[in-house]
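Biologist: Please take a close look at one part of this model for me. I would like to know how two of its helices lie against each other, and what surrounds them.

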Amino acid sequence: MDWKSARFLLASTATVVVASQVAKKLCKYFFNFNKRSQPEVVSDDACSEVFNIKNREINDVILFSDDVVRHTIKVPPNKDVTICESRELNCFKLIKYIKSARETLDVCMYLITSTEIAEQIIRLGQRHVLVRIVADSDMADTPPSQIKKLKEYSFIQVQTNNKSILMHHKFCIIDGPKAVKRKNILKAYAEKLNIHAQFMKHNVKQIKTKQNKGFVMSGSLNWSTQAMVSNHESVIVTSHPNIVNKFEKEFESLWVEDEPAILSSL
C-alpha cells in the first residue's frame, strides 16, 4: 500500500469516527431536549394518593369549601391521611369513588338531584353492578329529583321510605360484603333456573376474581348540585370493616327484601 492510499484510508476512518461521534451527540442532545421540553409531572400526594383506590384501603375526607386547602391529619396507627379540597376536585373525587363500584352500590340518600351522579349510577347498572337506592318518599317525586329517572331502568332497584320518620340519611356503600354475598346468591339462583346457563357454566372455564374491599361514604352531603357548588359540606370515606358493617346493617333495616325465601341464608 502506497502512502497516498494509506493517507486516504486514515482520513476516511477518521471521518467515520468523527461523524459517528457527532451523530451520537446530536441524538443525545435532541433526546434530552425532548425530555426537558416535557412538563414535569409533580406527584402531589395531597391529591393523587386518594385516587389510588385499587387496594381499597381508604381513609379519606372530602370537604366542600370555598378555599383550596391541603393538609394532613394523623389516623391511628400512625397513618397520615391527606385531605385536599376544592369544589371542582371534590366533585371529581366523589364521582370517582362512585364509579369504582365493581359488584354492588347501595345508596341511602335523602335527596338526589345531580344529573351527573344519576348518569354514573345508570352506567354502573349497565355494567351489571347491582344498584339499590333508598330515598325519602317526600323528596323522591319533588323536582329536580332524579329518582323518577332512575326508576325507569329495570336494573336499578329503588324504594322510598314510607315510614313516618324522616329518612334523612346521606350515605352509600360500595361493594359491601353482605351486598356482594346477596348478589352472588341471586346470581346462582338465576343460573339454577337457566338450563343454558348451567350448560355454559360447566363448559366454560371459570375465572376467579378477587373480591374488592367494600367502603362507605357518609356525611352531610346530599347528591345535589346545589350542595356541591354552594354549601359547606363534608363526606367521610372509609373502608374500615366495622364501620362498613354498621352501615350495611342500617341499609338492610330500611330495605324491604322482595326475595326473602331465596335470601334466607343471608
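Modeller: Helix 7 and helix 10 are oblique to each other. This is a predicted model. In it, helix 7 packs against helix 10 (residues 241–254) at an angle of about 55°. Their axes are 8 Å apart. The angle counts as oblique because it falls neither under 35 degrees, nor over 145, nor in the range 65 to 115.

Now look at who meets whom. Helix 7 brings Pro177, Lys178 and Ala179. Helix 10 brings Val244, Asn245, Glu248 and Lys249. Sorted by class, this contact has 3 nonpolar, 1 polar and 3 charged residues.

Next, turn to the sheet. It is open and has 7 strands, in the order 1-9-8-7-4-5-6. The pairing is mixed. Strand 1 (59–64) and strand 6 (156–161) are the edges, and each pairs on one side only. From one strand to the next, the twist averages 10°.

Within this sheet, find strand 4 (residues 104–109) and strand 5 (residues 130–136). They pair in the parallel sense over 6 bridges. One pair to pick out is Val107 with its bridge partner Ile133, in strand 5.

Two helices pack on the sheet here. Helix 4 (residues 115–126) touches strand 4, strand 5 and strand 6. Its direction makes about 145° with that of strand 5. Helix 7 (residues 177–193) also touches strand 4, strand 5 and strand 6. The direction of helix 7 makes about 125° with that of strand 5. So helix 7 packs on the sheet and also packs with helix 10, to which it is oblique.

How values were computed. Residues numbered from 1 in each chain as written. Predicted model: local features only at pLDDT ≥ 70, side-chain atom pairs only at ≥ 80, totals over all residues. Heavy atoms only, no water. Pairing = 2+ DSSP bridges. Helix = DSSP H or I, 4+ residues; strand = E, 2+ residues; numbered from the N terminus. Axes fitted to C-alpha atoms, helices over the stretch in contact; angles between N-to-C directions. Contact = heavy atoms within 4.5 Å. Nonpolar A, V, L, I, M, F, W, Y, C, P; charged D, E, K, R; others polar.
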